[in-house]
Amino acid sequence: MNAELENLRKWSHGHKLTLIFAKTISMIIGTNRKLHKGNSGELIQAHSKISGEQIEKKKSQKYLGVILDNQLKWRGHISLIS
């Protein structure tokens with residue numbers, strides 16, 4: 001994943017686009033079962049970096065007025081609007 005993020009950084013730089021690291025987050029999306037490793041129940045962690053900068057990890061994020069979470073459930077969004 002980090003190699004692809006580096007490719008994205010190079011591409012954006014080559015096309016005179018800027019990545020704003022303060023607004024960049026990382027979220028692994030999947031079912032509760034797939035988000036945890038095997039029988040240990042340990043949550044899968046991805047350490048994403050672009051140009052050596054650590055990307056913030058989140059379980060949910062507001063995007064275009066909709067709360068998205070890592071399991072694509074509506075609880076957070078419903079709580080926001082109710």
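## Briefing: an 82-residue chain

Asparagine 70 sits in the loop that runs between strand E8 and helix H3 (75-81). The model is a predicted one. Its chain holds three helices and eight strands. Buried residues account for 16% of the 82 residues.

**Asparagine 70**

- Although placed in a loop, asparagine 70 is buried, because its relative accessible area is 12% and the cut-off for burial is under 20%.
- Leaving aside residues up to four places away in sequence, asparagine 70 touches Met27, Ile28, Ile29, Gly30, Leu35 and Lys59.
- One of these partners, isoleucine 29, belongs to the loop between E1 and helix H2 (32-35).

**Overall layout**

- From start to end of the sequence, the order of elements is α-β-α-β-β-β-β-β-β-β-α.
- Contacts between residues at least 6 apart in sequence include many that span further: 50% of them join residues at least 24 apart.
- The chain exposes an accessible surface of about 6,700 Å². Carbon and sulfur atoms supply 56% of that surface.

**Helix H1 and its salt bridge**

- H1 covers residues 2-14, 13 residues in total.
- From first C-alpha to last, H1 reaches 18 Å, close to the 18 Å expected at 1.5 Å a residue.
- The count of salt bridges comes to one. It joins the side chains of arginine 9 and glutamate 6, at 2.6 Å from N to O.
- Both residues belong to H1. They are three residues apart, about one turn of the helix.
- The pair also registers as a polar contact between side chains, at 2.6 Å.
- Arginine 9 is partly exposed, with a relative accessible area of 25%. Glutamate 6 is partly exposed too, at 22%.

**Arginine 9 beyond the helix**

- Arginine 9 touches Leu19, Ile50 and Ser51, with residues up to four places away in sequence left out.
- Ile50 is one of those contacts, and it lies 41 residues from arginine 9 in sequence. In space, the two C-alpha atoms are 7.1 Å apart.

**Serine 26**

- Serine 26 is part of strand E1.
- Serine 26 is buried, because its relative accessible area of 12% falls under the 20% cut-off.
- Its contacts are Ser48, Ile55, Glu56, Lys57 and Lys58, again not counting residues up to four places away in sequence.

**Lysine 34**

- Lysine 34 is in helix H2.
- Lysine 34 counts as exposed, at 65% relative accessibility.
- Lysine 34 and glutamine 71 are 37 residues apart along the chain. Their C-alpha atoms are separated by 9.7 Å.

**Positive phi outside glycine**

- Lysine 16 has a phi near 55°, a positive value in a residue other than glycine. This residue comes just after H1.
- Lysine 16 lies in the loop between H1 and strand E1 (25-26). Lysine 16 is exposed, with a relative accessible area of 77%.
- Leucine 64 also takes a positive phi, about 50°, without being a glycine.
- The loop that holds leucine 64 runs between strand E7 (60-63) and strand E8 (66-69).
- Leucine 64 is exposed, because its relative accessible area of 75% is over the 50% cut-off.

**Nonpolar surface patch**

- Ile29, Tyr63, Leu64, Leu68 and Leu72 make a nonpolar surface patch of about 560 Å².
- Leu64 in this patch is the leucine with the positive phi of about 50°.
- Ile29 in this patch is also among the contacts of asparagine 70.

Methods:
Residues are numbered from 1 along each chain as its sequence is written. This is a predicted model: local features need pLDDT of at least 70, side-chain atom pairs count only at pLDDT 80 or more; totals for chains, interfaces and linings use all residues. Side-chain values use heavy atoms; hydrogens and water are left out. Helices (H or I, at least four residues) and strands (E, at least two) are DSSP runs, numbered from the N terminus. The expected span of a helix is 1.5 Å times one less than its number of residues. Buried means under 20% relative accessible area, exposed over 50%, partly exposed in between (1.4 Å probe, protein chains only). A salt bridge is a side-chain nitrogen of Lys or Arg within 4 Å of a carboxyl oxygen of Asp or Glu. Patches are made of residues with over 30% relative accessible area and no salt bridge: like charges are joined within 9 Å, nonpolar side chains (Val, Leu, Ile, Met, Phe, Trp, Tyr) within 5 Å. Accessible areas come from the Shrake-Rupley method with a 1.4 Å probe; for residues, only the protein chains shown count as cover. Contact means heavy atoms within 4.5 Å. A polar contact is a pair of N or O atoms within 3.5 Å; within protein, one must be able to donate a hydrogen and the other to accept it, and residues adjacent in sequence count only if both atoms are side-chain atoms.
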